[in-house]
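Could you walk me through this protein, from its aromatic contacts to its cores, helices and strands? Here is a guided tour to follow with the structure open beside you.

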Amino acid sequence: MRLIKNGNVLTSQGIVKKDILFDEQEIIKIEENIQADAEIIDASGLTVIPGLVDVHVHLREPGYTQKETIHTGTLAAAHGGFTTIFCMPNVIPYPDDVQTIQMYVEKINQDAVVHVHPYACITKEEASKEVVDMKAIKERFGIRWFSDDGVGVSTAEVMAQAMETARGNDCMIVAHTEDMSYRKPGACVHDSEVNRQKGWLGIPSACESAQLIRDLQLSQQIGNAYHACHISAKESVEALKEYKEKGADVTGEVTAHHLLLEDQDVQGTNWKMNPPLRSHEDRMALIKGLENGSLDMIANDHAPHTKEEKDRPMDKAPFGIVSLETSFPLLYTEFVKKQKRWTLAQLVNWMSGAPAKRFGLEKIGAIEVGYRPDLVLVDLAHESVIDASQFLSKGKNTPFDGWKVYGAIRETIVGSKTVWKG
């Protein structure tokens, strides 16, 4: 058993001075001044929060281990305070059948230092042609989440079939919405005047929102659970709000970088991501959408690439940035400490409780007796500078290098085991 003493604990009653006693399976007691025969963790000056949950992470393995591996990606997650992550299926071979997923799960179990839930593809090889055998995959592995992230499901007919299959098997469609008819070859940033002046070809907001609206209409008709990835445009926020009000079982996520940055901030390939950083009006809509419930959670689309790839010209470099090690301190610093717009409890809920609840994770996302012992000790008062060279991720591709932040992760505990300490 282990015992955290002297910490400020974030509970449903607020931040309270409590001790936490836990073993490998669960939190046993949360009380003042617990005395027990246990290993002591001194949390003096620190705040204890539930382990963070990120439902959108690219671990790149198998297939792209020059960018990231299951081991390095989960170390990065632990460094950033994440104890549960969901890994996207755009790897090689695609996790689209029972045999492939068996090998994938075995590798995750061998190498991961945090809880990892793999997505399975919606369609075979993410080709938008043949829907995978969701029933077999769920029965064999308990995987209930299906995504073709990296591409949108190109036709309404195939998406409708996938949604019908998901509904019949109590599964969720997790969709990257992108209608490629809106995206010209070489387009790499938001379609706006500020980017046109720099000579860059833009991607309009409709590239995301048009397919999202198609999906929302289908999901409402079919009645399946649906989750939209990395929302970036005000039109998408409005569409989610509309269909929630109509009673559709739909949710959406937003990334830290879309909450913090906009098109005028883009300086080079480390600001290139898909969907792109959009206008100030879009960014404000994302923030307000999270606050009013149009958006449901923060999920960061951790997307590592090699330096060689990111050193290519803007139109040739790959989309994506790393985010696991920076998202909590960045968001805490800007919205809790500086703006005082959010409370710590709100931020942690969007990064832990809300995704855990939506994705059906039991006894995760809060510090309560009986919950899993996934805990993070944070120094909220410590100021540090983001240094990409110190990332545990293989990827160093971030626009936030050199930013001053508060909220240093001091210790990450998964299943009672310390998996990162610094």
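**Rings, cores and strands**

The charged end of Lys337 sits over the ring of Tyr406, 4.5 Å from its centre. A similar arrangement can be found at Tyr243, where Lys246 lies over the face of the ring, 4.3 Å from the ring centre. Please keep in mind as you look around that this is a predicted model.

Let's stay with aromatic rings, and turn to how they meet one another. A pair of aromatic rings is described by the distance of the centres and the angle of the planes. Counting rings whose centres lie within 6.5 Å, the model has seven aromatic pairs. Take Phe335 and Trp342: their ring centres are 4.1 Å apart and their planes meet at 15°, so this pair is stacked, planes under 30 degrees apart being the cut-off for that label. Trp342 also pairs with Trp350, and here the geometry is edge-to-face, with 4.9 Å from centre to centre and 75° between the planes. How exposed or buried are these rings? Phe335 and Trp342 are both buried. For Trp342 the relative accessible area is 3%, and Trp350 counts as buried at 7% relative accessibility. Elsewhere, Phe86, Tyr119, Trp145 and Phe359 form one aromatic cluster.

From rings we can move on to the nonpolar interior. In soluble globular proteins, nonpolar side chains tend to be buried together. In this model the largest nonpolar core has 111 residues, and Ile173, Leu259 and Phe328 have the most contacts inside it. Which helix gives the most to this core? It is helix 12, residues 344–358, with seven residues. Ile173 is a good place to zoom in: leaving aside neighbours within four places in sequence, its contacts include Ile122, Met134, Phe146, Met159 and Met163, along with Asn224, Tyr226 and His227. Another core lies apart from the largest one; this other core has 14 residues, among them Ile20, Leu46, Val48 and Ile413.

Not every buried residue is nonpolar, as a look at helix 9 will show you. Arg283 lies in this helix, which spans residues 280–292. At 15% relative accessibility Arg283 counts as buried, because the cut-off is under 20%. Setting aside residues up to four places away in sequence, Arg283 touches His258, Leu259, Leu260, Leu261 and Glu262.

Next, find helix 1, residues 70–79. Seven of its 10 residues are buried, so helix 1 is largely enclosed by the rest of the structure. The buried ones are Ile70, Thr72, Gly73, Thr74, Ala76, Ala77 and Ala78. What covers them? The cover includes helix 2 (98–111) as well as strand 7 (82–87), strand 8 (115–118), strand 17 (404–414) and strand 18 (417–421). Just after helix 1, Gly81 takes a positive phi of about 95°.

Strands 7 and 8 bring us to a sheet. Strands of a sheet pair through backbone hydrogen bonds, either parallel or antiparallel. This one is an open sheet of three strands in the order 6-7-8, with parallel pairing. Strand 6 (52–57) and strand 8 are the edge strands, each pairing on one side only. On average, neighbouring strands of the sheet are turned by 20° against each other, direction ignored. Four bridges join strand 7 to strand 8, and Cys87 has Pro118 in strand 8 as its bridge partner. Helix 2 lies across strand 7 and strand 8, and runs at about 170° to strand 8.

Our last stop is strand 1, residues 2–11, which is mostly covered, with eight of its 10 residues buried. How does strand 1 pair with strand 2? Strand 1 and strand 2 (residues 14–22) pair in the antiparallel sense over eight bridges, and a hairpin joins the two through two residues. Within this pairing, Val9 stands opposite Val16. Strand 1 also runs parallel to strand 4 (residues 39–42), to which four bridges join it; there the bridge partner of Arg2 is Glu39. Two bridges join strand 1 to strand 5 (residues 47–50), again running parallel, and Asn8 stands opposite Thr47 in strand 5.

Terms used
Residues are numbered from 1 along each chain as its sequence is written. This is a predicted model: local features need pLDDT of at least 70, side-chain atom pairs count only at pLDDT 80 or more; totals for chains, interfaces and linings use all residues. Side-chain values use heavy atoms; hydrogens and water are left out. Rings of Phe, Tyr and Trp (its six-membered ring) pair if their centres lie within 6.5 Å; planes under 30 degrees apart count as stacked, over 60 as edge-to-face and the rest as tilted. Buried means under 20% relative accessible area, exposed over 50%, partly exposed in between (1.4 Å probe, protein chains only). A charge sits over a ring if NZ of Lys or CZ of Arg is within 6 Å of the ring centre and within 35 degrees of the ring normal. A nonpolar core is a set of buried Ala, Val, Leu, Ile, Met, Phe, Trp, Tyr and Cys residues joined through side-chain atoms within 4.5 Å. Contact means heavy atoms within 4.5 Å. Two strands pair if DSSP finds at least two bridges between them. Axes are lines fitted to C-alpha atoms, for helices over the stretch in contact, and angles run from 0 to 180 degrees between N-to-C directions.
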